[in-house]
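Let's take a walk through this protein, one spot at a time. Keep the 3D view open and turn it as you read.

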Amino acid sequence: MFRFSPVAPATIRVQVLPVGKIERSKFLDVLRSLQHHAAVLKLADIPQVEEQQLLSPKALPESSMLLNYVTFPASQQEQHLAPYELYREPLLVLGVADGLDEDEERRKSELKEAAAFLRERHPRVVHRHILMLQGPGDNTETVTALQDGEANTSYHEAMCQVAGRLLVELSTYTKAMQASPTIQTPGQPVKSLQRTSSHRGDERGSASGYTTPTQGAEVSSPTGEEGSRPPSRGFGSPPPSNSFEQVRNASNRASALARSDSNTSNRSRNGQRGSSQDRVSVHGFGPSTSQEKTRSRGKARVGIVTGHIYMMAGQWNEALRMLTEHTNAARKLSDSLWHAKGLDGILVCMLLLAWAEQGFSIPSVCFPSEQRSSFTHSAKLSVTLPTDFRPTEVAYQAAVGKLSMSLPELLKHILSLYRLGEGALELPPLVQHEARLRFCDLLATLYCENGELNGNARSYVVARASPRRPATLEGASAGSPISRGSISSMLAEAQPTEEDHLAATDHIQLLGGISGVYSALGMERKSGLMLRGMIDRLTTALIQARKLGAAEAGIHPAASLSVDAGADIVVGAAAESPGLQELMDKIGRIYGVSLLTTAHDDESEGPLTSVPFDFGNAQIKSIVLRALLAFCEASPDPHGVLRIASSLLRAAGAYASLDAGASMSDEIAAKDDQIRVATSLSRTVGVSRHLGLTDIQAEYWDPFLVRGICFVEPHASRNLLPLRSSKENSAIQGIPGNPLLYDPNAKRGTQAKGRLPIVRNEPLSCLVTLQNPLETPVEIEDLALATDGANDVNLDLVNFTPVTLKPLCFQQVPCAVSPTRPGEFSITGCRIKVAGCKEKTFRIFDQPWSPSGETLVKFQGQNVQAKFHPGPAAPTASVPMTAIESMPLLEIEHSSHGEGNMMLLDGETQTINVVLRNKSQDVAAVISSVNDSAGVMRIKRPGHGVGDRTSQQPSTGSAVEVVQPGSPLSLDFDVLGKVAVSSTSLNIIYGRPEASPGPHNRVASLSLHMTVDAALQAHNPDIIDDDADGFDFSFDVHNALPKPLSFFVESIDGHQNLPSKPHTPSPAQNTPKREILLSPGETQRISHHFSRTPYTSNSSSQNDDEIIQSTLLTRIQVIWRTWKGEPRWGTLDLSSHLTFTPHHLRVLRASQARLRLRILTDEEESEGWKSLRPRLKSGSFATL
């Protein structure tokens, strides 16, 4: 039951205590079950134990008993307020027993000892009972066993049995209370008179007509407590009782005294006159009048307390009658405080009767004297009802309607009476503040229900069964006197101050209750102000308690989370933290502070599709965050400390993906504050781990930690080439790529971005760019790349070293990864473990971004949050990749030419040896082709000719060679010297040994540098059309070497003409030789006759000219060798020396001839043509 509920005076406070060896979690479960299933007990379900019972449950079975279960005892101030406010003191102590001995005798002995212990520790309560959770046994007067079954029925039935015994004891308590002559009013000196002397205060108190009667005519309580109040010393008053057992004796003594007075009166009527029979009685003045008023006042007070007992016992109709009678008497006697208490009880009775849908009428004592007979007041309370209602329903609805309309004025009247003092005394501030708060809660419920006490309002007021509707600006109807302003003004008077000298718990609970009413009215800012005050008071109280505890234990109290506190305290605070988390969340929502969530599964958090709305003053946010952090540190609540510290650091940052020129603001936290908060966070985690709480970790505050992922290009020997890719074709043909960064003529947008290949078992280096917008360093303990999970491909981290991010910078963190299995996947983020924080997956934000919303906001107050529409979400990036199976790795272990340049002559061929080794230990390498960038190298294989496999014609059939894992391979290559070729790159393309070519290959490259000198040169070509069947092809051969060399010419189908030297008189004088010797600088002209090969083309393009020229040059070959020194030989490349003119090309094409063929007839053959017909053979030429 809520402490500040409007019907709190009708509740019976039950203190629940553990008995025996019961676990803490089980005890809390029992307490929650009692609060949920046994808070409201119907009198019809409660058994009647005794027949002649004063508070019989059968008297009004439609009513109920309201129980308020607590685990803490009443404070000294609350005990001082009883029986003026009897609901503050526990009337029932319920012990929850578990873990008792299985032996029946021992169990009975343990229960007996537990009952004696409860009787000794709680002598003031009305009844003490034990609820046994386990074990068989019959129910007794003090023990009730919980029956097996569902929790909602078993606990309810057990508490009904307990309530039956409670009513018996409460009946005895009521009789003792009725026997009391009067009850003292709890109070304190009026604040304006607190500085006067106590003697003068007592004189003014005795002289006042509204003072409390003398101690000789009143008692503190029918139960009493030794030392709690001054003892009664007057004649005829019962002595103070120290236990409830003495209440019966007090009741018997009061009854005997009453019988004695009755006997004395009877003897007087029988003629036996006393000594004062001739005395004249005077009425209206003197001591007898004061004593009569004192007795009447005491009777009214006792009647009001008795009416409250009846109300707590569920006898609401009888309680309403008694309270009405005695409240009217207190009003006539001007006993203002008890008049207010009686009206308060009458109001609670009417609310309960309205909730139970029982008929009642509003007593006239509830209205001010000037309005009791006023016509306007009666007209205001009139209710128009439908004609089809039954009389009882009509009366009930009319009473509820009148009560709804009368509540504002009635509550004001009660509060005005509470403010009045009793002479020099006044009620303690706690009573007045709680009364105002209870009434404000009732008015706020009516305001939310448009001023009507309907079924929803009644259910919320009594049992909190149905939630209140949210308050609107319109609020109650136009005719209702309830307004938000009036309720807010009344709440402002209920706020406690330092001058009230309230206990810390009462002060804090009052602030919490006021905050709840403000929140129900929609005044969130005022609610937040109360919550802030509550947090400050809690922090102060916790720090003070820690200091006192540290002083008693002899330890230093400076540390909030000290190792000396013990793990049980920290665990207990962590277990009770959910309610505190909700409180801090509400404060954050009110002030615009975005607190981090406490979800354990970070994968449930989706991408940043929306961002927290940033509103409110930055300095106020800083104050709120500091207050929350101080409260969590004082609790001690490690989860709260980590959460608030992370939220403060996030608020101190930019909450954006920054660019290089961004500047940071220190409105939330300056540099020193950031360092202090970060230190507190790491210290909290360290202390928690020392205590064995390994699951206590913070949430990292910056979701934009990862700003990019790029892979470092591996060594050239590890590069992967897609099969038949443009890069491979370019390498084969020796064609360089496009050197322009931007080429407007190139085709753009025709191809999608490819996937980056990565090989299994070969770690690939990458750089992860991280940002740190704070002025405190961040330690990265672990890092891993997160994938999208496609094809179940993950990346394993290899040899990661923890790093520390420097303050206010972007920093690249190196690492290496390797895929677990082949397949296509994408890298979506990084899974990073920051020191003191949970491991979390961070998305990739490669572009600068900051949250943005509406530029124009037309709403004010808390409505801004509901009407705010966030801007576009932060764009994330991903890295598409392809994981392939393990690939072989060939490295060039040795080459015969070394690292120097090769010296070659134009056309000369030299042989080099290259040794390869397969570094892979499990995959063989299959060499698919060999090429070089300049086209001057060819591989030599045993049993093959020189030109069998050239670099211009890569292998497309069977593999060249297969290199087993870890084995070497030796290859020989011929290098041809060409003028203007100074370097070349040997490319050995290889892959996996699959039956079909794999999707990727690798290249082992060897760079060769050479110096090529001219040897034999050819120039001045000429082609002369000899006849229809052939032509003469001639050109000059020049020796460019400084030493003699010889050459000879070989042709396929031509014959050599006589060679001639330029400017010689007659070439026929020279003797033809097969090998011709040329001196340095000498020139020789070569002439060959070739038969014509007709060439027919459909076009005269440049390609046709090249084909004709290459066809001719392949029919002749010039081979040379040197004569002095080391023998060297080579072949003259005519295609690089000779250039043909268009006239030469026309000669090579020759003129087109038309040929007509006709088949002879038989007559023509008989006439002699047959002898002229040639014999045509396959593969031969014929002249027709």
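Start at isoleucine 709. Once you set aside its neighbours within four places in sequence, isoleucine 709 is in contact with Leu767, Val768, Leu785, Ile827, Gly829, Cys830, Ile844 and Val879. One thing to keep in mind as you look around: this is a predicted model.

Isoleucine 709 also belongs to something bigger. The largest nonpolar core has 189 residues, and Ile709 is listed among those with the most contacts inside it, along with Leu34, Phe360, Phe711, Val768, Leu785 and Ile832. Which helix gives the most to this core? That would be H9, residues 336-355, which puts in 13 residues. Apart from this core lies another one, of 30 residues, and among them you'll find Ala1015, Ala1018, Phe1090 and Leu1138.

Now zoom out for a moment. The protein has 1184 residues, and 46% of them count as buried. Its secondary structure adds up to 26 helices and 36 strands. Of the contacts with a separation of 6 or more, 77% are between residues 24 or more positions apart. As for the outside, the accessible surface comes to about 60300 Å², and carbon and sulfur atoms own 51% of that.

Next, the aromatic rings. A search of the whole structure turns up 12 aromatic pairs. One of them is tyrosine 700 with phenylalanine 842: the ring centres are 5.8 Å apart and the planes sit at 85 degrees, so this pair is edge-to-face. Where are the two residues placed? Tyrosine 700 is in the loop between helix H21 (671-690) and strand E9 (706-711), while phenylalanine 842 is in strand E18 (residues 840-843), so the pair ties together parts that are 142 residues apart in sequence. Are these rings buried or exposed? Tyrosine 700 has 2% relative accessibility, so it counts as buried, and phenylalanine 842, at 2% relative accessibility, counts as buried too. Elsewhere, ring pairs link Phe1031, Phe1033, Phe1035, Phe1090 and Phe1140 into a cluster. Phe1090 may ring a bell, as it was named in the 30-residue core.

Helix H21 is worth another look, since arginine 683 is placed in it. Arginine 683 has a relative accessible area of 35%, so it is partly exposed. Its C-alpha atom is separated by 8.8 Å from that of glycine 836, a residue 153 positions away along the chain.

Two other helices deserve a stop. H20 (residues 638-652) has 15 residues, and at 1.5 Å a residue it should span 21 Å; the end C-alpha atoms are 21 Å apart, so the model agrees with the expectation. H20 is also mostly covered, with 13 of its 15 residues buried. In H13 (residues 455-463), the buried residues are Ala457, Arg458, Tyr460, Val461 and Val462. Just after H13 comes arginine 464, which takes a positive phi of about 50 degrees.

Last stop: histidine 1038, found in strand E30 (residues 1030-1039). What does its side chain reach at 3.5 Å? It's the backbone oxygen of glycine 1081. A polar contact of 2.9 Å also joins the side chains of histidine 1038 and threonine 1083. Not counting residues up to four places away in sequence, histidine 1038 touches Ala1015, Leu1016, Gln1017, His1019, Gly1081, Glu1082 and Thr1083. Ala1015 takes you back to the 30-residue core, where it was one of the named members.

Methods. Residues are numbered from 1 along each chain as its sequence is written. This is a predicted model: local features need pLDDT of at least 70, side-chain atom pairs count only at pLDDT 80 or more; totals for chains, interfaces and linings use all residues. Side-chain values use heavy atoms; hydrogens and water are left out. Helices (H or I, at least four residues) and strands (E, at least two) are DSSP runs, numbered from the N terminus. Buried means under 20% relative accessible area, exposed over 50%, partly exposed in between (1.4 Å probe, protein chains only). Contact means heavy atoms within 4.5 Å. Accessible areas come from the Shrake-Rupley method with a 1.4 Å probe; for residues, only the protein chains shown count as cover. A polar contact is a pair of N or O atoms within 3.5 Å; within protein, one must be able to donate a hydrogen and the other to accept it, and residues adjacent in sequence count only if both atoms are side-chain atoms. The expected span of a helix is 1.5 Å times one less than its number of residues. A nonpolar core is a set of buried Ala, Val, Leu, Ile, Met, Phe, Trp, Tyr and Cys residues joined through side-chain atoms within 4.5 Å. Rings of Phe, Tyr and Trp (its six-membered ring) pair if their centres lie within 6.5 Å; planes under 30 degrees apart count as stacked, over 60 as edge-to-face and the rest as tilted.
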